[in-house]
Amino acid sequence: RLHPDQPASFDFTPENLAWAEATIANYPPGKQVSAVIPLLWRAQEQAGGWVPEAAIRYVAQFLDMANIRVMEIATFYTMFNLAPVGRHHVQLCGTTPCRLRGAEDLIKVCEERIGHQFDVTPDGALSWVEVECLGACVNAPMAQINFDFYEDLTPESFARILDDLAAGKE
């Protein structure tokens, strides 16, 4: 699942390095490896929304863990993107409640506006992936775009949101 175009190296910025050290200090002695998820999350943010293999190796070395252990975590959790994503990354809920309330139509909008799952639009603005439950079944169908949640979507409202984001509107 790793993207074929990988950067050769990764290092935390000085600010993120200080943050990582402070985060690790929150864990009891001998349990610092428990910081792996927050460190991967920070690496993903620093890398522009995805976790390159070099960042996985960096976090493993930082926490004195085997590379494979960090790779297992990065590949298990869908919160980690293993390929570049658009500036606005759409996570579209595809579980039963959302499907029953119209997620299929939203998938068609994504395919028309963005392309296949994991594609990034040529301008780098949008990408999308279908995910499991995002926890808003009562307001299905829904999507998470970056850190924002959009509920009670229709194909029209969803297309308008994507168009606005692609045009640089918030």
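Here are legends for four close-up views of this predicted model.

**View 1. The largest nonpolar core and the helices that build it.** This core has 24 residues, and the ones that touch the most other members are Val36, Leu39, Leu40, Ile56, Val59, Leu63 and Val70. Four helices each give two or more residues to it: H1 (14-24), H2 (36-46), H3 (53-62) and H4 (67-76). H3 supplies the largest share, with six residues. Packing like this fits a familiar pattern: in soluble globular proteins, nonpolar side chains tend to be buried together.

**View 2. Zooming in on Ile56 and what it touches.** Leaving aside residues up to four places away in sequence, Ile56 touches Leu40, Val51, Asn67, Val70, Met71, Ala74 and Leu82. Elsewhere there's a second, separate core, this one of 18 residues, with Leu106, Ile107, Ala125 and Leu153 among them.

**View 3. A nonpolar patch on the surface.** Phe76, Tyr77 and Met79 get together here to make a patch of about 310 Å². Phe76 sits in helix H4. Its relative accessibility is 62%, so Phe76 counts as exposed, the cut-off being over 50%.

**View 4. Strands S1 and S2, side by side.** S1 (residues 88-93) and S2 run parallel, joined by six bridges. Look for Val90, which stands opposite Trp128 in S2. S2 (residues 126-131) is largely enclosed by the rest of the structure, because five of its six residues are buried.

Definitions and conventions: Residues numbered from 1 in each chain as written. Predicted model: local features only at pLDDT ≥ 70, side-chain atom pairs only at ≥ 80, totals over all residues. Heavy atoms only, no water. Core = buried A, V, L, I, M, F, W, Y, C linked by side-chain atoms within 4.5 Å. Buried < 20%, exposed > 50% of the residue type's maximum accessible area, 1.4 Å probe, protein only. Contact = heavy atoms within 4.5 Å. Patch = residues over 30% accessible without salt bridge, like charges linked within 9 Å, V, L, I, M, F, W, Y side chains within 5 Å. Areas by Shrake-Rupley, 256 points an atom, 1.4 Å probe, with all protein chains shown as cover. Salt bridge = Lys/Arg side-chain N within 4 Å of Asp/Glu carboxyl O. Pairing = 2+ DSSP bridges.
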